[in-house]
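Colleague: I'm new to this one, so could you walk me through a single part of it in some detail? I'd like to hear about the largest cavity, and then whatever else you think fits beside it.

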Amino acid sequence: MENLLDIQFLIESFPAIISRLPITIGIAVGSLILSLVIGVITALIKIYRVPVLRVISSIYVSFIRGTPLLVQLYLVFYGIPKVIYFLQIEYGWLQSADVNSIAPEVYALLAFSINLGAYLSETIRSAIESVDRGQFEAAKAIGMTPAQMMLKIIFPQALAVAIPNLGNMFITTIKDTALVFIIGVVDIMGQAKILGSRGLAFFEVYIAVSIVYWILCIVVERLLVKIEKRARRYERGIAS
Amino acid sequence: MIKLENIHKYYDSQHVLKGINVNVNKGEVVSILGPSGSGKSTLLRCINFLEEPTSGIVEISDKRVDASSASKADIFSLRTSTGMVFQQYNLFKNLTVLQNVMIGLTNVKHIKKDEAKKTSLEILEKVGLTNRLNHYPAQLSGGQQQRVGIARALALNPEVLLFDEPTSSLDPELVDEVLATIRAVADTGKTMFIVTHELNFAREISDRVVFMEDGIIVEEGTAEQMFNHPKMERTKQFLSKATRNN
Ligand SMILES: Nc1ncnc2c1ncn2[C@@H]1O[C@H](COP(=O)(O)OP(=O)(O)OP(=O)(O)O)[C@@H](O)[C@H]1O
Ligand SMILES: [Mg+2]
């Protein structure tokens, strides 16, 4: 009798796939953090209309939004070593960098940060601009510096506004990390592929990996709800 | 001790303040009255450079700041020697009542936390809100929020308090508690500028009344003079009309 699925194989593939979860989560969380930095900087450049940088950052955002993530991943993976090599040969810069020793995870992290940063830029900008002007004025009126005003008053309020959006993009990013296998990163997807070709049971391993993604996303969604509640607690609940 | 010299303000080509001169002594309470759009808020906001005057000089105590050459340090000095109370309260929404009052002390004046807390509690005591320390602004009535706003403005112990229509957003039944708080602050000898449409309150609390229209000071004098014997026809019209509306 022909089996639709090799259940045994499916179940046995879980431990190996899950062992690669730190790579997937690491790239997703790492690029979330880096992209928040990029997003805040580009948002502030836009809000404060910084000359020159403003043009550069809008070209950046437009380029990232207008090209496939897959292409960006290749550009980073093939482009950065070339650029480093070029700088070493032509200018003698970055001599200590050994292009061949850079792990593919690093390129993946960079590519995803650059990608997500561009998308976050707009979200962060509109979140900052959604903060009531009176909050800025009150901060200035008591003598806060722009940095204090941003860190203590504006960002916390903007974050509360942006979290649902940030969360969605983060979840999208988690799923998009499935692409990193193409540059040689063995994430959960990569591991599934390896197992699949080893056992010639692709359907099984992709079912297994999809379940892992699914559960991961559910957990993250739950977490986001909690974080959002916490970030917005000042809107209703009483502080302890 | 507070001197505004020939303050001009343009928004693009619109001339909003047309050479304002005011001298205020320490401890005086000055009301700024005038029709909507006459430049009252703009004037108040020029004092702490929330709006930069196009030209003119702001002097508080010994600190003289010329708008044409104001440095960041000058503006900082004006902002820490003034406290502002806003029509919309503008409490920091993400901070509790206590944190709202403390933050200027800890972050701007760099005072130690426990000392800042002690000072803040004293001030909150004065405005009667020690039972709401850990509430967020969204959990307070408008009147309570505005009293926190006054406490926050008082926290840095400024030379002068600037009130921009402090009761205009309040439900009528909440106006009195805020006016009482302002009155109590005035009684401590704080120098204050109050922009208000509460004419009876202005009349009662002010040492001096300034009547503005169209970017100039039409007339100024003691509350008694201004309400009972205004010199200018326009002042008389405005004050009597508004009194009837009250
Ligand atoms: N940020 C701004 N940009 C452009 N014009 C402004 C700005 N702020 C105020 N104005 C204009 O300056 C003039 C004076 O405004 P201001 O707010 O000082 O009046 P006001 O006397 O406080 O009026 P109200 O009693 O309605 O509060 C108005 O014509 C207003 O439209
Ligand atoms: Mg006004």
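Modeller: Happy to, and keep in mind that this is a predicted model. If you search the whole structure for cavities of 30 Å³ or more, you find one. The space inside the largest cavity comes to about 40 Å³. Both chains help to line it: from chain A there are A:Ala138, A:Ala141 and A:Ile142, and from chain B there are B:Gly83, B:Met84, B:Phe86, B:Arg152 and B:Ala153. As for the elements behind that lining, α6 (133-141) of chain A gives two or more residues, and so do β6 (82-85) and α5 (142-155) of chain B. Sort the lining residues by character and you get six nonpolar, one polar and one charged.

Now for a spot in chain A, A:Ser121. You'll find A:Ser121 in helix α5 of that chain, which covers residues 104-130. Its relative accessibility is 3%, so A:Ser121 counts as buried, the cut-off being under 20%. Its side chain makes a polar contact with the side chain of A:Thr42, at 2.9 Å. Leaving out residues up to four places away in sequence, A:Ser121 touches A:Gly39, A:Thr42, A:Ala43 and A:Val61.

Last, a word on cysteines. A:Cys217 is buried because its relative accessibility is 8%, and B:Cys46 is buried too, at 1%. Over all chains, the structure holds zero disulfides.

Definitions and conventions:
Residues are numbered from 1 along each chain as its sequence is written. Chains are lettered from A and ligands numbered from 1 in the order in which they are written. This is a predicted model: local features need pLDDT of at least 70, side-chain atom pairs count only at pLDDT 80 or more; totals for chains, interfaces and linings use all residues. Side-chain values use heavy atoms; hydrogens and water are left out. A disulfide is a pair of cysteine sulfur atoms within 2.5 Å. Buried means under 20% relative accessible area, exposed over 50%, partly exposed in between (1.4 Å probe, protein chains only). Helices (H or I, at least four residues) and strands (E, at least two) are DSSP runs, numbered from the N terminus. A polar contact is a pair of N or O atoms within 3.5 Å; within protein, one must be able to donate a hydrogen and the other to accept it, and residues adjacent in sequence count only if both atoms are side-chain atoms. Contact means heavy atoms within 4.5 Å. On a 1 Å grid over the protein atoms alone, a cavity is a set of points where a 1.4 Å probe fits but cannot get out, and a pocket is an open set with protein on both sides within 12 Å along at least five of seven lines; lining residues have an atom within 4 Å of a point. Grid points are joined across faces, edges and corners, and a volume is the space filled by probe spheres set on the points. Ala, Val, Leu, Ile, Met, Phe, Trp, Tyr, Cys and Pro count as nonpolar, Asp, Glu, Lys and Arg as charged, and the others, Gly among them, as polar.
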